[in-house]
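Open your viewer and get your mouse ready. We'll go from stop to stop, and at each one I'll tell you what to select and what to look for.

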Amino acid sequence: MKNILKWLTVLKKPSVLVLIAANTIPLYGVVFSGWQVFPVMFLFWIENVIIGFFNVFKMMLAPADESGQGMTRAALIPFFCLHYGIFALVHGVLVIAIFGGIFTETDLFSGIGQSFESVWNTAFGLAAAAVFLSHGISFGLNYIVGGEYKTTSLNRLMAEPYGRVIILHFTLLFGGFIVMALGSPVVGLVLFILLKITLDIISHIRQHKGLIVL
């Protein structure tokens with residue numbers, strides 16, 4: 001009972017509330033704006049890019065390795081940008097190729113154009129902005145104000161985004177296939193987004209261990 005109360009307390013934390021709020025926008029898009037699979041999947045891919053973006057700033061503020069055994073900040077940050085950038089690019093290509101419907105058109109460029117028409121609107125822009133704001137608030141409250149930058153390391157930050165992104169990557173691909181197989185029903189997409197929100201909360205709590213003491 002005590003642990004349940006602690007978890008409920010965590011859900012009231014500002015960074016967690018903003019995270020949940022940001023994820024309710026795609027729920028609105030699915031229920032009220034007729035979003036299909038691709039806008040949802042593409043939004044979650046954009047979130048992976050945003051995670052990498054803020055991780056660069058985390059690396060800039062993290063303590064340097066004074067042992068002389070690790071790579072310098074000047075070398076590690078560009079290496080992360082290149083490595084994570086390639087990872088995100090491949091993931092993005094898979095999302096567009098699998099869920100964008102590019103092979104339903106007579107030529108590739110028409111298919112790509114059709115895919116992005118579904119995300120070229122105000123609602124999608126607001127959803128992407130909300131995701132960016134969510135991670136920005138978490139960065140400010142937990143990493144800077146909460147002092148996480150004092151206890152982390154460059155090597156840890158180099159690997160940190162991949163654990164969350166890889167889990168979400170396989171979850172999204174598997175869930176997306178199921179939703180597509182069901183013909184993109186609203187109920188399927190809603191359940192899919194709720195699963196993603198749950199994974200986000202768990203990942204957020206694990207990453208920011210100071211949020212909860214079990």
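Before we start clicking, one term: a helix here is a DSSP run of H or I with at least four residues, a strand is a run of E with at least two, and both are numbered from the N terminus. This is a predicted model, in which local features need pLDDT of at least 70 and side-chain atom pairs count only at pLDDT 80 or more, while totals for chains, interfaces and linings use all residues. Residues are numbered from 1 along each chain as its sequence is written, and side-chain values use heavy atoms, with hydrogens and water left out.

**Stop 1: the whole chain**

Colour the protein chain by secondary structure. You'll find 8 helices and 0 strands, in the order α-α-α-α-α-α-α-α along the sequence. Of the 214 residues, 41% are buried (buried means under 20% relative accessible area, exposed over 50%, partly exposed in between, with a 1.4 Å probe and protein chains only).

**Stop 2: helix α2**

Select residues 14-32. This is α2, with 19 residues, and from first C-alpha to last it reaches 27 Å, close to the 27 Å expected at 1.5 Å a residue (the expected span is 1.5 Å times one less than the number of residues). Now show the side chains of Ser15, Val16, Leu19, Ala22, Asn23, Pro26, Leu27, Gly29 and Val30: these are buried. They sit on the same side of α2, because they cover an arc of only 155° around the axis (the arc is that of the directions from the helix axis to the C-beta atoms). Spin the view to the other side of α2, where Tyr28 and Phe32 are exposed. Just after α2, click on Gly34, which has a positive phi of about 70°.

**Stop 3: α2 against α8**

Add residues 186-207, which form helix α8. Its 22 residues should span 32 Å at 1.5 Å a residue, and the end C-alpha atoms are 31 Å apart, which agrees. How do α2 and α8 lie relative to each other, roughly parallel or roughly antiparallel? Their axes come within 10 Å and cross at roughly 165° (axes are lines fitted to C-alpha atoms, for helices over the stretch in contact, and angles run from 0 to 180 degrees between N-to-C directions). That makes α2 roughly antiparallel to α8 (angles under 35 degrees count as roughly parallel, over 145 as roughly antiparallel, 65 to 115 as roughly perpendicular and the rest as oblique). Among the residues making the contact are Leu19 and Leu27 of α2 and Ile193 and Ile197 of α8 (contact means heavy atoms within 4.5 Å).

**Stop 4: α3 against α8**

Keep α8 on screen and add residues 37-61, which are helix α3. Here the axes of α3 and α8 come within 11 Å and cross at roughly 15°. That makes α3 roughly parallel to α8. Where they meet, look for residues including Val40, Met41 and Phe44 in α3, and Leu189, Phe192 and Lys196 in α8. Zoom in on Phe44, which is buried with a relative accessible area of 2%. Phe44 and Lys196 are 152 residues apart in sequence but 9.2 Å apart in space, C-alpha to C-alpha.

**Stop 5: Lys58**

Finish further along α3 by selecting Lys58, which is found in that helix. Is Lys58 buried or exposed? Lys58 is buried, with a relative accessible area of 10%. Show what it touches: leaving out residues up to four places away in sequence, Lys58 is in contact with Phe139, Tyr143, Leu157, Glu160 and Gln207.
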